[in-house]
Amino acid sequence: MTKQIRLNAFSMNTVGHLSPGLWRHPRDQATRYTDIHYWVELAKTLERGCIDGLFIADVLGVYDVYGGNADSALSNAAQVPVNDPLQLVPAMAAATQHLGFGVTASVSFEHPFPFARRMSTLDHLTGGRAGWNIVTSYLASGARNLGQRDQLSHDQRYALAEEYLQVCYKLWETSWEDNAVRADRDSGVYADPAKVHGINHEGEYFKVPGFHLSEPSPQRTPVLYQAGASSRGRAFAAANAECVFVAAPSKAVLKKQVADFRTAAVAAGRGAHDIVILEQLTVIVAETDEAALARLREYREYASASGALTLMAGWTGIDFAQYQPDQILREVPSEAIQSAVEAFTRADPTRSWTTAEIADYCAIGGDGPVLVGSAKTVADQLQEWVEETDVDGFNLASVVAPETFEAVVDLLVPELQARGLFKREYAEGTLRNKLFGNGDRLQAPHPVARLRREAGR
């Protein structure tokens, strides 16, 4: 029997996330992205379907690799305009009880000291349902707009990320002892100064002598997500992540990526299945196979090939405007997302991709596969993906918002529940406990446990 499947909803505080051009569809409501009620309605829908969490992507930069400028990104609304993801979460959390929230934030453009406070605040306000997708950023435009000459090299960004995490871990986990907060009205002592400690961090990138400004939140460290499948990204995830997102274009590529992550986790001293691995997918589900296929044909009438190549150019660092439609993509060195290049070049030796095929593939659902059919058909396919690749679940993107997510909740989830493949109710407690059933805080063999022990916490 297939293991129970994990499901996240994948979105972004923008008009066009992974299906450029679909904002023009008459039923699409993504242009309401600036309306907080839109997000509250979405959160309620997802919780009704027992979805594990809403994962909100983000970029600090624009997709200006395609054609050497941002014109295509702007005209297609390809992840621009884009607003801050964190500010959406408190309103959605207030309207729900169980839904988790994973927010993307880059280590490249914000100092860890204020960022740690923002995440502690979010964990407090959500009652311990906050998660952090750790990214190093891949758009050079973001680096330039923050005063940097250019972004750091791919491996340098991960070196910085390692130290960034160490600063955050120390602030979240070792600065305040568990009983530091006394809130004693009689003595007038709120926090015991003897139990609040500076972290005295001095490293290559950061110097942070002081203590964390926030008192401990329910999880202390938010649930840690990571989305890098390059060799350097795998090593980073194996040491730190609790959940990993990948976007493999086929089961053959995904099977290898999952196996590589399992091996890397063991090499890092963790269990092979300590990390939950989620594949990015888009599912178009309807009452029948024919209705779902008709819906896909309808969606394709609004899809933008140039918008798809704009996104892909940003992810890979390759200007597809310089390629002919029938030109086969070859591996090109870049400082962008190395796993995205690999997935469409050498990860599957049985498949080559032309520019036109990449544009067609990425026009609906971005760089992840699309499954189409009735609830039974799609559930069969999801089950096959899990059985054949050992993936733990799926990060489900939307084509037409919120229609795609409503169909998942109303049609697909009941089918998976009837097969015993998806939960019928949430576990209690924090997001970490809901996902792993091992309490609110990170436990051994995660390196945070060792850090706490060394600090006497």
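A cavity here is a set of grid points where a 1.4 Å probe fits but cannot get out. Keep that in mind for the first exercise, and remember that this is a predicted model.

**Exercise 1. Empty space inside**

Task: find how many cavities of 30 Å³ or more there are, and which residues lie closest to the centre of the largest cavity.

Solution:
- Step one is the count, and it comes to 6 cavities of 30 Å³ or more.
- Next, take the largest cavity, which holds about 210 Å³ of space.
- Now look at its walls: 21 residues line this cavity, and V15, H17, A30, S398 and A401 are the closest to its centre.
- Finally, sort the lining by element: β1 (6–12) and α1 (36–48) are the ones that give two or more residues to it.

**Exercise 2. Follow the aromatic rings**

Task: start from W132 and work out what kind of aromatic pair W132 and Y164 form, then what kind Y164 and F206 form.

Solution:
- The structure has 13 aromatic pairs to pick from.
- In one of them, W132 and Y164 sit 6.1 Å apart centre to centre with 50° between the planes, which makes the pair tilted.
- Check where these two come from: W132 is in strand β4 (residues 130–135) and Y164 is in helix α6 (residues 154–174), so this pair links distant parts of the chain, 32 residues apart.
- Are they buried or exposed? W132 has 0% relative accessibility, so it counts as buried, and Y164, also at 0%, is buried too.
- Move on to Y164 and F206: the ring centres are 5.6 Å apart and the planes stand at 85°, and planes over 60 degrees apart count as edge-to-face, so that is the label here.
- This second pair also joins distant parts of the chain, with Y164 in helix α6 and F206 in the loop between β7 (201–202) and β8 (207–208), 42 residues apart.
- F206 is buried as well, with a relative accessible area of 9%.
- Put it together: W132, Y164 and F206 belong to one aromatic cluster that also includes F115, W172 and Y205.

**Exercise 3. Into the nonpolar core**

Task: which residues have the most contacts inside the largest nonpolar core, and which element gives the most to it?

Solution:
- The largest core has 87 residues, and W132 and F394 have the most contacts inside it.
- By element, α6 gives the most, with 10 residues.
- Then zoom in on F394: leaving aside neighbours within four places in sequence, F394 touches residues including I5, L7, L278, L281, L382 and W385.
- Don't lump everything together, though: apart from the largest core lies another of 36 residues, among them Y63, Y225, V276 and W353.

**Exercise 4. Two buried helix residues**

Task: where do R262 and F236 sit, and what do they touch?

Solution:
- Begin with R262, in helix α8 (residues 251–267).
- Buried means under 20% relative accessible area, so R262, at 7%, counts as buried.
- The R262 side chain reaches the backbone oxygen of A272 at 3.5 Å.
- Beyond neighbours within four places in sequence, the contacts of R262 include K3, H273, D390 and D392.
- Turn to F236, in helix α7 (residues 231–240); at 1% relative accessibility, F236 is buried.
- With the same sequence neighbours set aside, F236 is in contact with I134, Y158, A161, E162, L165, Q226 and A241.
- One last check: the C-alpha atoms of F236 and A268 are separated by 9.4 Å, with the two residues 32 apart along the chain.

Conventions:
Residues numbered from 1 in each chain as written. Predicted model: local features only at pLDDT ≥ 70, side-chain atom pairs only at ≥ 80, totals over all residues. Heavy atoms only, no water. Phe/Tyr/Trp six-rings, centres within 6.5 Å; stacked < 30°, edge-to-face > 60°. Helix = DSSP H or I, 4+ residues; strand = E, 2+ residues; numbered from the N terminus. Buried < 20%, exposed > 50% of the residue type's maximum accessible area, 1.4 Å probe, protein only. Polar contact = N/O pair within 3.5 Å; in protein donor to acceptor, adjacent residues only side chain to side chain. Contact = heavy atoms within 4.5 Å. Core = buried A, V, L, I, M, F, W, Y, C linked by side-chain atoms within 4.5 Å. 1 Å grid on protein atoms, 1.4 Å probe; cavity = no way out; pocket = protein on both sides within 12 Å on 5 of 7 lines; lining within 4 Å. Points joined across faces, edges and corners; volume = space filled by probe spheres on them.
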